[in-house]
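User: I have a model open and would like to talk it through before I go back to the bench. Could you start with whatever I need to know to follow talk of bent helices?

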Amino acid sequence: MNKKLIRWDFWTGVTLLAIVVFGLFLIYPLFSLFVTAFQDPETGAFTMGHFTHFFDRRYYYQSMINSFSVTTCVTVLAIIIGTILAYFMSMYRVRGRNIVEICIIISLLSPPFIGAYSWILIGGRSGVLTQWLQSSFGIEAPSIYGFSGILLVLTLKLYPFIYLYVSGALKSIDAALIEAAESLGCSGIRKVFTVIVPLITPTILAGALMVFMNAMADFGTPMLIGEGFNVMPVMIYSEFINEVGDQANFAAAMAAIMVFITSAIFLLQKYIVNRKSFTMSSLRPIQMGELHGIRNVLMHAGIYLLVALSLVPQLMVIYTSFMKTNGAIFVDGYSLDSYRTIFSSLGSAIQNTYLFSTCAIVFIIFLGMTVAYLTTRRKSWLTEVIDTLTMFPYIIPGSVLGITLLLAFNDEPMLLSGTAFIIIISLVIRRLPYTLRSSSAILYQISPSMEEASISLGASPLKTFFRITAVMMLPGVMSGAILSWITAINELSSSVILFTGATKTMSVAIYTEVIRASYGTAAALSTILTVTTIAAMVIFFKVSGRKDVTL
Amino acid sequence: MSVEINVNKAVKKYGNLTIIPGLDEHIKNGEFFTLLGPSGCGKTTLLRMIAGFNSIEGGTIAFNDKVINDIPAHERNIGMVFQSYAIFPHLTVRENVEYGLKLRKLSKEEMKRKVDEILDVVQITEYQDRLPERLSGGQQQRVALARAIVIHPSVLLMDEPLSNLDAKLRVEMRSAIREVQKQVGITTVYVTHDQEEALSISDRIAVMKKGVIQQTAAPHTIYTRPYNVFVSTFIGHSNLFHATVRADGQGKAVVFRDGYSMPMENLSDEAADGMEVIVSVRPEEFSIQAQGLKCKIKNKVFLGKYNTYFLEFPEEMLIPDQPSIEFSQDLGHAEKLLDIDEEVTLRPNAAKVNIFTADGERNLLRGVVLHE
Ligand SMILES: Nc1ncnc2c1ncn2[C@@H]1O[C@H](COP(=O)(O)OP(=O)(O)OP(=O)(O)O)[C@@H](O)[C@H]1O
Ligand SMILES: [Mg+2]
């Protein structure tokens, strides 16, 4: 009986912990955000004023239109590029495909604002390319700032989502389906549009949602390269920073509007996907063909060009990190000055980055595995609640989460702003849903009779969980965790709101250095991040034994 | 130590659905007890109630005199062998077998001795350091068996442990299991829906239908003296005829609808004159005689040792909805082979046939009981 109580306690403890984490650090802040949004700063009375204010002033609502237009364009472009790339990579033999794939994944996992600022270094007002064009040909290069810059950077950064999703779907198409189409006299481009495209449409939609959410929520890119082109996250951020004194009601209202938009998009996508979803399992994947002659050359040229464009920011950053600087200005020659500077003045940011993301990951692994176990093996109404709660982070942009946390924990008795804890918690909230989902998927593949076998041999259910279930889940969960760790070290949009001097992370430091136009140190920091990302990727491929990545 | 299992009015419900309405059974210490029945009848459910993986909604299940309803599965000291083997993939064969012993805090030497011994008994010593994924199905099943037995469980529970193996291996493993079980002398509850497997391996068989035990008896009894029509048709084939009991001064007989009267020695007292009954005749209980039931050969199949003939009787003689009426002729002793469309007279062997009440619920022969 005694034993039974302890067992009951552990799982109840996990349930409670999950509810506390999500309730306290997601639902409660979100709730206070909405309350703040509808509150008059002076009287505290209910008001729609902030919303009417937003929709009255062109300056404000234009940011919503801007966000929408640039996000939609990014999504469409990413779908086109990602799908075409996936199609050729899956259907035809491509030289150096492994390297191509790894490059694509690296460009996906690196922080987007690195892209933004390297493109500024290349094509900005005093960029290398701009100046070269100017001095050699007297050509005025088109501006990289504003809409086109955001579009360029985000598309190059986000098409890999579509690529990864669609490649997965193409692998699961049974060759017999294609052969059936061909036997019915359907071939070439018609085959692609009548058979293949419909089969991968649900997958494209799933990827499109990821792209849309990421593009919509992205803060760093438009902040750096947007200039006059205001988008919502930037607007929210600057309003929030300016407003902090009085309650930040208006920023909260804008954040609320953004959450409405992302929720609507999320629900719309779910609705469409549910209506057209089906499962495919391929017995015999499609065989890769070979292109010949000019087509082959064109295909390779296209792929290599795309990959090169995606990697330009990384290479640019690494290159500039070794340039000699004088203060913030680059001078001729090479040196390690930038590195010296960051190790002497920004060492703590480097430490913080690894510390915070590692703490977050440990917590995510623990909660991810135990909560996944609860929601798949010990279903109850409470676990249903948790399941629903964990959907929320998908629709809440990072900067909005940052603001909600700050609003909610800015006062006694729960004064957490400025602590490392709150940054770690924001990382946990944002990444846990992904780990949870993949852990559940892994659990569904482990037969419950494994656990029953262990119990029948005398191990209590709790012991069984740790000795059998957890051990069997671990490889899958670990490889997912590495990816989460990579995104955690590169995270900017919520930490930029939550950080204080002592809790600065590398991505925040890069951002502030770029704002100060101290490009050398920013580049050195970025290089460290990129190298870490690549190292973690290598570990990921070793641990998982896989050649692909799902986020 | 091995125990006897007493199931007393056990009830299993899923929501409003009653799967097992109240089941009584007594499983003897050390016996090999098989649950047999059609798919969905509740065999797995009952086994998992004994194991502790299913809750018990009513009645009790006891090991010896100890009611185990509220003891969690891991404290019941059971050994379980699963249909899917459920070998832990991250442990070697030896570590799999050691798993349960480690939880029991044995000394190193004792553990080693026990594991060596059981690996030897199930003949997997040579694979002990391999990871299970590189074992064949039969080898994995042996590991599962060794892992379950090595902890000296009170009872050994097996749910269709052989159904994932091919036919030949199934027969081989069947005798291996039986041998090991006898050697260790452990109370075993075995679930299968393969009747041949059940008949060959068991000390006793319980035939289940819709959560109710239809008969518990030794394999031979189950086959020769089924308790009701369900058992007689579920195990092997039985041909069912309408008949009427006739009792007079000289003794009792059953009269078929075509007027053929078959004297019966072993009818119980309940069988009174004029009673409507069902006569169940197995295909091998017919013989070609001058006197008997007239029928026509509809079709025949040659099966090596036997010829099986499919028979046509006047419809009113037969219980409706039978898949086929069969006569199997032992070719070792057959004097005359029959042809399709030939008319023949077959006599049932009165000493072998079974007589059931008209509703098919009970056997009217003396000495046939529900629980043997
Ligand atoms: N978790 C459950 N919820 C509801 N009904 C269930 C559940 N598990 C089993 N059942 C029902 O209980 C009945 C008995 O199932 P059980 O698995 O015991 O059958 P079985 O005799 O083992 O069949 P098989 O030979 O096919 O394995 C079935 O009708 C099944 O649908
Ligand atoms: Mg079953």
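Analyst: The bend at a residue is the angle between two axes, one fitted to the seven residues ending there and the other to the seven starting there. Please keep in mind that this is a predicted model.

User: OK, so where is the kink in α21(A)?

Analyst: The kink in α21(A) lies at L474(A), shortly before the proline P475(A), and amounts to about 45 degrees.

User: And what does α21(A) span from end to end?

Analyst: Between its end C-alpha atoms α21(A) spans only 36 Å, whereas a straight helix of 29 residues would span 42 Å at 1.5 Å a residue.

User: Which helices of chain A supply at least two residues to the side that touches chain B?

Analyst: The contact between the chains takes 15 residues from chain A and 21 residues from chain B. On the chain A side, α20 (448–456) and α21 (461–489) each supply at least two residues, and the largest share, 6 residues, comes from α20(A). By class, that side of chain A has 8 nonpolar, 5 polar and 2 charged residues.

User: Staying with chain A, what are its domains?

Analyst: The domain assignment gives domain 1 (1–35 + 322–551) and domain 2 (48–321), and their C-alpha centres lie 23 Å apart. Their contact takes 39 residues from domain 1 of chain A and 39 residues from domain 2 of chain A. Among the elements that each supply at least two residues on the domain 1 side is α21, the kinked helix, while α24(A) gives the most, with 12 residues. By class, this side of domain 1 has 25 nonpolar, 13 polar and 1 charged residues.

User: Switching to ligand 1, which residues are around it?

Analyst: The residues around ligand 1 include Y14(B), the run from S39(B) through G40(B), C41(B), G42(B), K43(B) and T44(B) to T45(B), and also H193(B). Both β2 (17–27) and α1 (43–51) of chain B supply at least two residues of this shell, with α1(B) giving the most, 3 residues. By class, the shell has 4 nonpolar, 7 polar and 1 charged residues.

User: Last one: what does β15 of chain B pair with?

Analyst: Strand β15 (residues 286–302) of chain B pairs with β18 (residues 343–348) in the antiparallel sense over 7 bridges, and I288(B) stands opposite L346(B) there. β15(B) is also joined by 6 bridges to the antiparallel strand β16 (residues 306–312), where V301(B) stands opposite T308(B). β15(B) and β16(B) form a hairpin with 3 residues between them, and G304(B) in the turn has a positive phi of about 85 degrees.

Technical notes
Residues numbered from 1 in each chain as written. Chains lettered and ligands numbered in written order. Predicted model: local features only at pLDDT ≥ 70, side-chain atom pairs only at ≥ 80, totals over all residues. Near = placed C-beta within 6 Å. Helix = DSSP H or I, 4+ residues; strand = E, 2+ residues; numbered from the N terminus. Nonpolar A, V, L, I, M, F, W, Y, C, P; charged D, E, K, R; others polar. Contact = placed C-beta atoms within 7 Å. Pairing = 2+ DSSP bridges. Expected span 1.5 Å × (residues − 1). Domains from an automatic or database assignment.
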